[in-house]
Each structure stands twice: as structure tokens, then as C-alpha cells.
Amino acid sequence: MRRILLLTAIFLSGCIDVDVQTDADSPEITPTETISLYVDNFNNADIKLLNETTASPFFWLRGTERNVYDSYGDSVDFDGLRSDGWSYSKINSLELIYEDPETSMVNMNFSRYGGDDQVILTASANYLLINYDGIWKIKGGFAPTNVSTGQD
């Protein structure tokens, strides 16, 4: 009889739904998904959405240049990028380097393409993200080379 009760208990334990509670500040969108959204907004040259995806102030450490901007939109000039031949960018790879409940770091390798769909630049950048009330926002970027933001 004990065996039957034990087997029944084991069987039923696999049938019980467990309600997993997540922290109220736990973002629904992951850091890597945030970077993907950022690239989509970048390709659409949507300054408003880029500013919503990023935190203010925003910083760039590119090569030997170190700049802090009131907002991300102040750091980029899409007309300048287009005059350099840029048409769109594509993510080659994303790697989550670090994540805790408040911060994360993502490495992105990407390519910029010209109007003829030819690669004009391939580079990498690391992005620092901060959890602001349950939403990952990009606080700044680190690039080993001076990747143009169109303001050069």
C-alpha cells in the first residue's frame, strides 16, 4: 500500500503547475533583444525611439575619443553617415557578457552596408545596459576603434 501511495505522489508531483513569480523589476525584454531593437531603430534613423531605447546622459568611448551626450540622439548624425555611404547596419553576432538584476553588458559585432549592399565597415562594440524600472536601456558604448557616428 505504501508503494502505491508513494508512486501516486511521485506521479502527481509531475502534474502540479508551479507558479513562478518574477521580480516586478525583471525586464520582459532581454539585454540582447534591447540591442536588436536599438539596431532596428538605428536603421530607421528614428531619433525618438533611439532616445527611448537609451539612457541619458549617454556616453561613447570610441578608440581614444571619450564623449558624454545629453541624449543618444546628440551623438549621431544620419546625414553624415549617409554621406559616408551608409545605408543600413546588420548584426553579425550578439553575446551577453554579463547580467545581474541592475546592469548588463552585451558585445555586438556588426557590419554597415552601402546602398549597393556591400559591406563598408565591420566592427565590434560593447554596450552597458541599466535596468530602469523593468526596462533595459543602453547607457553607453565602448568601441576599440573610432567607429564613426556621422559627426566626424
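Biologist: Is Glu52 buried, exposed or partly exposed?

Modeller: Glu52 has 40% relative accessibility, so Glu52 counts as partly exposed. Keep in mind that this is a predicted model.

Biologist: Which side chain does Glu52 meet in a salt bridge?

Modeller: The general idea comes first. Side chains of opposite charge can pair when their charged atoms come close. Here Glu52 forms a salt bridge with Lys48, at 2.8 Å from N to O. Lys48 counts as exposed, because its relative accessibility is 57%.

Biologist: How are Lys48 and Glu52 placed in helix α3?

Modeller: They are 4 residues apart in α3, which spans residues 47–53. That means about one helical turn separates Lys48 from Glu52.

Biologist: How many salt bridges does the count come to?

Modeller: The count is 3. Another of them joins Asp79 and Arg82, at 3.5 Å from N to O. These two residues are 3 apart in helix α4 (residues 78–83), so about one helical turn separates them. Asp79 is exposed, with a relative accessible area of 58%. Arg82 is partly exposed at 42%.

Biologist: Which residue does Arg62 meet in a salt bridge?

Modeller: Arg62 pairs with Glu65, at 3.2 Å from N to O. Check the accessibility of both partners. Arg62 is buried, at 3% relative accessibility. Glu65 is partly exposed, at 31%.

Biologist: Now the sheet. In what order do the strands lie?

Modeller: Strands of a sheet pair through backbone hydrogen bonds, either parallel or antiparallel. In this model, 6 strands form an open sheet with mixed pairing. Read the order as β2-β1-β6-β5-β4-β3.

Biologist: Which strands stand at the edges?

Modeller: Those are β2 (65–69) and β3 (88–99). Each has a single partner strand, so one side of each is left without a neighbour in the sheet. On average, neighbouring strands are turned by 25° against each other, ignoring direction.

Biologist: What packs on the sheet?

Modeller: Helix α2, residues 31–43, does. This helix touches β1 (54–62), β3, β4, β5 and β6. The direction of α2 makes about 155° with that of β3.

Biologist: How do β5 and β6 run, parallel or antiparallel?

Modeller: They run antiparallel. Strand β5 covers residues 119–132, strand β6 covers 135–143, and 7 bridges join them. For one facing pair, find Tyr132, which stands opposite Ile135 in β6.

Biologist: Which residues touch the most other members of the largest nonpolar core?

Modeller: In soluble globular proteins, nonpolar side chains tend to be buried together. The largest nonpolar core here has 24 residues, and Tyr38, Phe42, Tyr72 and Tyr127 touch the most other members. At least two core residues come from each of α2, β1, α4, β4, β5 and β6.

Biologist: What does Tyr127 touch?

Modeller: Leave aside residues up to four places away in sequence. Tyr127 then touches Ile35, Tyr38, Trp60, Ser104, Met105, Val106, Met108, Ile138, Gly140 and Gly141.

Biologist: Let me try a polar residue. Where is Ser111 found, and is Ser111 buried or exposed?

Modeller: Ser111 lies in strand β4, residues 103–113. Buried means under 20% relative accessible area. Ser111 has 4% relative accessibility, so Ser111 counts as buried.

Biologist: Which side chains make polar contacts with the side chain of Ser111?

Modeller: The side chain of Asn92 is one, at 2.9 Å. The side chain of Thr122 is another, also at 2.9 Å. Beyond four places in sequence, the residues touching Ser111 include Tyr88, Ser89, Lys90, Val119 and Leu121.

How values were computed: Residues numbered from 1 in each chain as written. Predicted model: local features only at pLDDT ≥ 70, side-chain atom pairs only at ≥ 80, totals over all residues. Heavy atoms only, no water. Buried < 20%, exposed > 50% of the residue type's maximum accessible area, 1.4 Å probe, protein only. Polar contact = N/O pair within 3.5 Å; in protein donor to acceptor, adjacent residues only side chain to side chain. Contact = heavy atoms within 4.5 Å. Salt bridge = Lys/Arg side-chain N within 4 Å of Asp/Glu carboxyl O. Pairing = 2+ DSSP bridges. Axes fitted to C-alpha atoms, helices over the stretch in contact; angles between N-to-C directions. Core = buried A, V, L, I, M, F, W, Y, C linked by side-chain atoms within 4.5 Å.
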